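Here are some exercises to work through with a structure viewer open. Try each task yourself before you read the solution.

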Amino acid sequence: VMPHYPHMLFEDTAVWTTFLEQQDYGIKRVWYDIHVGLPRMLPGETDETIRRIASGVSRKRIDVVASVGGGLWIIEIKPYASMAALGQILTYTRLFAREYNSPGKIIPVIVCDVCDEDLLDGIDELGVMVLVND
């Protein structure tokens, strides 16, 4: 548990800290702010320094990648898990699998305080695990 995590908003930090304090899922190691996806395309005449900066700040960012068991959890943290969170975690998981080698299965996970009930019956079909804090 840390007072702040890379790129997390205050409310996300609170959700993640509560999760870490309340749960034990056998997390062995975590990585924060993992960049995936393509950078924003810039005009051809753009200065190389600007191009490198844009590449660093315009890619999508996974909140947490955690080593659990023999695989990896791709984790999106939200106070309220909505359709947007579901879309994010599905996209992040696909991009991560394309860009990185995993030692085992890659599992999309949403950690939240509250989950939109309309999502609950569909998330299993999509292979997404939703972990709701007590």
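The exercises below go from the overall fold to strands, salt bridges and surface patches, and they concern a predicted model.

**Exercise 1. Sketch the fold.**
Task: find how many helices and strands the protein has, and the order in which they run.

Solution:
- Step 1. Count the elements: the protein has four helices and five strands.
- Step 2. Walk along the chain from the N terminus, and the order reads α-β-α-β-β-α-β-α-β.
- Step 3. Add the dimensions to your sketch: the C-alpha trace spans about 50 × 35 × 30 Å along its principal axes.
- Step 4. Note the burial: 37% of the 134 residues count as buried.

**Exercise 2. Place strand β2 among its partners.**
Task: work out which strands pair with β2, in which sense, and over how many bridges.

Solution:
- Step 1. Begin with strand β1, residues 27-36, which pairs with β2 in the antiparallel sense over eight bridges. To find your place in the viewer, look for Tyr-32, which stands opposite Val-64 of β2.
- Step 2. Turn to strand β3, residues 71-81: β2 and β3 are also antiparallel, with five bridges between them. Here Ser-67 has Leu-72 of β3 as its bridge partner.
- Step 3. Look at the connection. β2 and β3 make a hairpin with two residues between them, and Gly-69 in that turn has a positive phi of about 60°.
- Step 4. Check the cover on β2, residues 60-68: seven of its nine residues are buried, and the strand is mostly covered. As background, side chains in a regular strand alternate between the two faces of the sheet.

**Exercise 3. Examine the salt bridges.**
Task: find how many salt bridges there are, then describe the pairs made by Arg-51, Arg-59 and Lys-78.

Solution:
- Step 1. Recall the principle: side chains of opposite charge can pair when their charged atoms come close. With a cut-off of 4 Å between nitrogen and carboxyl oxygen, the count comes to four salt bridges.
- Step 2. Take Arg-51, whose side chain meets that of Glu-48 at 4.0 Å, N to O. Both residues belong to helix α2 and are three residues apart, about one turn of the helix. Arg-51 counts as partly exposed because its relative accessibility is 26%. Glu-48, at 45%, is partly exposed too.
- Step 3. Take Arg-59, which forms a salt bridge with Glu-99, with 2.6 Å between the closest N and O atoms. This pair links distant parts of the chain: Arg-59 is in the loop between α2 and β2, while Glu-99 is in helix α3 (residues 83-99), 40 residues apart. Arg-59 has a relative accessible area of 22% and so is partly exposed; Glu-99, at 31%, is partly exposed as well.
- Step 4. Take Lys-78, whose salt bridge is with Glu-76, the closest N and O atoms being 3.2 Å apart. Lys-78 is partly exposed because its relative accessibility is 22%. Glu-76 has a relative accessible area of 2%, so this residue is buried.

**Exercise 4. Find two surface patches.**
Task: which residues make the nonpolar patch, and which form the negative one?

Solution:
- Step 1. For the nonpolar patch, select Ile-50, Ile-53 and Val-57, which make an area of about 290 Å².
- Step 2. Locate Val-57 in helix α2, residues 48-58. Its relative accessibility is 56%, and exposed means over 50%, so Val-57 counts as exposed.
- Step 3. For the negative patch, select Glu-117, Asp-118, Asp-121, Asp-124 and Glu-125.
- Step 4. Locate Glu-117 in the loop between β4 (106-115) and α4 (120-126). With a relative accessibility of 66%, Glu-117 is exposed.

**Exercise 5. Span the chain.**
Task: what separates the C-alpha atoms of Pro-3 and Ala-97, and those of Gln-22 and Lys-60?

Solution:
- Step 1. Start at Pro-3, in the segment before α1. Pro-3 counts as exposed because its relative accessibility is 82%.
- Step 2. From Pro-3 to Ala-97 the C-alpha separation is 30 Å, with the two residues 94 apart along the chain.
- Step 3. Move to Gln-22 in helix α1, residues 10-22. Gln-22 is partly exposed, at 38% relative accessibility.
- Step 4. From Gln-22 to Lys-60 the C-alpha separation is 28 Å, and these residues are 38 apart along the chain.

Technical notes: Residues are numbered from 1 along each chain as its sequence is written. This is a predicted model: local features need pLDDT of at least 70, side-chain atom pairs count only at pLDDT 80 or more; totals for chains, interfaces and linings use all residues. Side-chain values use heavy atoms; hydrogens and water are left out. Patches are made of residues with over 30% relative accessible area and no salt bridge: like charges are joined within 9 Å, nonpolar side chains (Val, Leu, Ile, Met, Phe, Trp, Tyr) within 5 Å. Accessible areas come from the Shrake-Rupley method with a 1.4 Å probe; for residues, only the protein chains shown count as cover. Lys and Arg count as positive and Asp and Glu as negative; His and the chain ends are not counted. The place of a charge is taken as NZ of Lys, CZ of Arg, CG of Asp or CD of Glu. Buried means under 20% relative accessible area, exposed over 50%, partly exposed in between (1.4 Å probe, protein chains only). Two strands pair if DSSP finds at least two bridges between them.
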